[in-house]
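Work through these exercises on aromatic rings with the model open. Try each task before reading its solution.

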Amino acid sequence: MITSLDRYQVVSVYPQTEEDAALIHWFVEKLQLDQWTNSKILGAPVDIMMSSRQAASFTNIIKAKGIPTKIKIKDVQRLIDEEASLLQNVTKRQSRDFDHTAYHELDTIYGMLDQVATKFPDMVTSYIAGKTYEGREIRVSAISTGGEGTKEVIWIDCGIHSREWVAISTCQYILDQLTSGVGKDETTDSLLDQYDFHIMTVANPDGYVYTWLPSGNRLWRKNRVLNKGFLKCHGVDPNRNFDSDFGGPGTSDNPCVEIYHGPSAFSEAESSAIRDSILNLGGRVSMFITIHAYSQLWMTPYGYTQDLPASYEDQYRVAEIGVKALTAVHGTEFSYGNIASIICAVFDKNEELFLCVQQQVAYIACLEVSLIGMRPHKQS
């Protein structure tokens with residue numbers, strides 16, 4: 001178990017052939033490396049975190065094979081330490097109102113969710129979508145201004161990869177904006193006139209708590225299930241545990257690696273909680289959004305095939321509108337489109353790769369007939 005990432009680096013590797021890609025995959029599996037990106041296009045970077053000693057040996061072998069490499073982050077621990085020093089300056093909060101100036105531990109977040117339900121009892125209700133391996137609640141906040149359960153639903157979940165703290169903060173911000181904007185903001189009123197919102201602020205509570213523990217790992221992204229086998233490795237990637245191309249490329253059957261898909265589809269409490277919540281809404285869900293924290297991408301299905309869903313034109317149109325709105329705020333440029341087409345080419349544009357806590361990405365998928373859109377991506 002890694003508790004310190006001192007002398008850890010992130011290396012970008014650019015496979016030029018199928019053989020190159022297979023060799024990189026072999027290294028990731030055998031050395032149990034933390035693969036941050038999964039390239040499906042030759043020539044696009046695969047970002048892998050490893051110790052400096054591993055990086056030296058790895059890059060020598062890879063370069064000998066003629067595969068280009070680049071160091072993107074020289075010292076991962078330094079970035080984590082900088083974040084930790086900021087957190088130390090945050091005093092324990094007495095108020096339970098939303099605070100968007102700092103990251104918060106799980107109990108504090110759940111306290112804020114309780115407070116918003118108390119403050120807006122006619123608009124916000126909460127329910128428990130499931131319980132984790134370690135017994136924590138997976139909570140959903142439902143926001144509605146009426147309609148007696150007949151409105152279409154926009155589903156948003158955050159933090160299925162526990163290290164992506166800014167994603168969880170984004171769900172808190174969305175919930176705050178929806179509740180505080182009623183009667184004050186025309187856009188908010190218009191949205192709530194047409195839709196109910198169901199927001200799962202922390203989709204992976206066990207993993208999130210582990211990222212805060214002194215004995216934990218700030219970059220832990222899986223849940224905390226104890227897997228079978230003599231190695232006693234912890235965790236399944238809940239994002240790779242849905243019944244959509246289960247076990248396909250970009251996943252692993254090795255329980256000790258970051259992209260382990262689990263023993264079977266929906267074997268995990270986190271993925272099951274999302275599935276069950278969607279099914280319980282009885283076909284009312286018209287939009288499914290899951291928020292991650294890596295680069296600036298607005299991605300639509302699918303990631304495992306070049307085929308496009310029937311509603312792709314609508315998804316692309318909505319993504320374009322959303323990206324333009326994002327750019328209008330701070331000038332941030334998001335790439336958008338279906339995952340299989342854009343996810344690999346985009347990373348070539350980045351001259352610098354920052355720690356995942358410093359960036360965010362919105363993924364969006366429209367659900368129509370089945371749960372195919374339940375797993376709108378295989379990346380993060």
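Rings of Phe, Tyr and Trp (its six-membered ring) pair if their centres lie within 6.5 Å. The model is predicted. By this rule it holds 12 aromatic pairs.

**Exercise 1.** Classify the pair of phenylalanine 27 and phenylalanine 58 by the angle of their planes.

Solution.
- Planes over 60 degrees apart count as edge-to-face.
- The ring centres of phenylalanine 27 and phenylalanine 58 are 5.2 Å apart and the planes stand at 85°, so the pair is edge-to-face.
- Next, place the partners. Phenylalanine 27 is in helix H1 (residues 18-31) and phenylalanine 58 in helix H2 (residues 52-64). They are 31 residues apart, so the pair links distant parts of the chain.

**Exercise 2.** Are phenylalanine 27 and phenylalanine 58 buried or exposed?

Solution.
- Buried means under 20% relative accessible area.
- Phenylalanine 27 has 9%, so it is buried.
- Phenylalanine 58 has 2%, so it is buried.

**Exercise 3.** Classify the pair of tryptophan 155 and phenylalanine 288, then place it.

Solution.
- Planes under 30 degrees apart count as stacked.
- Tryptophan 155 and phenylalanine 288 show 15° between the planes and 6.5 Å centre to centre: a stacked pair.
- Tryptophan 155 is in strand S7 (residues 152-158), phenylalanine 288 in strand S9 (residues 285-292). The two are 133 residues apart.
- Tryptophan 155 is buried, at 0% relative accessible area. Phenylalanine 288 is buried too, at 1%.

**Exercise 4.** Which ring does the charged end of arginine 275 sit over?

Solution.
- The ring belongs to phenylalanine 266.
- The charged end lies 4.6 Å from the ring centre.

Notes
Residues are numbered from 1 along each chain as its sequence is written. This is a predicted model: local features need pLDDT of at least 70, side-chain atom pairs count only at pLDDT 80 or more; totals for chains, interfaces and linings use all residues. Side-chain values use heavy atoms; hydrogens and water are left out. Helices (H or I, at least four residues) and strands (E, at least two) are DSSP runs, numbered from the N terminus. Buried means under 20% relative accessible area, exposed over 50%, partly exposed in between (1.4 Å probe, protein chains only). A charge sits over a ring if NZ of Lys or CZ of Arg is within 6 Å of the ring centre and within 35 degrees of the ring normal.
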